[in-house]
Amino acid sequence: LVLVKRDRINLLEAIITSYLNLVYSVASIKMIEVTTAFAFTNLQKNTLIKKLKELTKAREIRLVITVDPSLIGGFLIKTNS
C-alpha cells in the first residue's frame with residue numbers, strides 16, 4: 001500500500017527478489033537454475049539435489065528447471081556462487 005501511495009509500485013519485483021535473497025541466505029537455501037535438453041525424472045531431480053547439497057553445503061536446494069530442446073544433450077547449471 002505504501003508503494004502505491006508513493007508511486008513506487010514498479011519497485012515491487014526488485015523488493016521481493018531482494019527479500020527472498022536475504023531469507024534464502026539466512027536459511028542456507030540455494031536457488032539453482034538448471035537448463036536441460038529433456039525433462040528430469042523424479043529420481044534424476046532428487047539425485048541432482050543431493051549432489052548439489054554436498055557441493056554447496058546448503059541446507060536446502062531449490063531448482064528452477066527449464067527444458068530447452070535446442071540443447072543436444074545434458075544440462076547446464078547456474079548458481080550465484
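**Exercise 1.** Is Thr-35 buried or exposed, and what is its relative accessible area?

*Solution.* The model is predicted; local features need pLDDT of at least 70, side-chain atom pairs count only at pLDDT 80 or more, and totals for chains, interfaces and linings use all residues. Residues are numbered from 1 along each chain as its sequence is written, and side-chain values use heavy atoms, without hydrogens and water.

Step 1: take the cut-offs, with buried under 20% relative accessible area, exposed over 50% and partly exposed in between (1.4 Å probe, protein chains only).
Step 2: Thr-35 has a relative accessible area of 18%, so Thr-35 is buried.

**Exercise 2.** Place Thr-35 in the fold and list its contacts.

*Solution.* Step 1: helices (H or I, at least four residues) and strands (E, at least two) are DSSP runs, numbered from the N terminus.
Step 2: the chain has three helices and three strands, in the order α-α-β-α-β-β from the N terminus.
Step 3: Thr-35 lies in strand β1, residues 29-36.
Step 4: with contact meaning heavy atoms within 4.5 Å, and neighbours within four places in sequence left aside, Thr-35 touches Thr-66, Asp-68, Leu-71, Gly-74, Phe-75 and Leu-76.

**Exercise 3.** Describe the chain as a whole.

*Solution.* Step 1: the C-alpha trace spans about 50 × 30 × 20 Å along its principal axes.
Step 2: of the 81 residues, 16% count as buried.
Step 3: among contacts between residues at least 6 apart in sequence, 78% join residues at least 24 apart.
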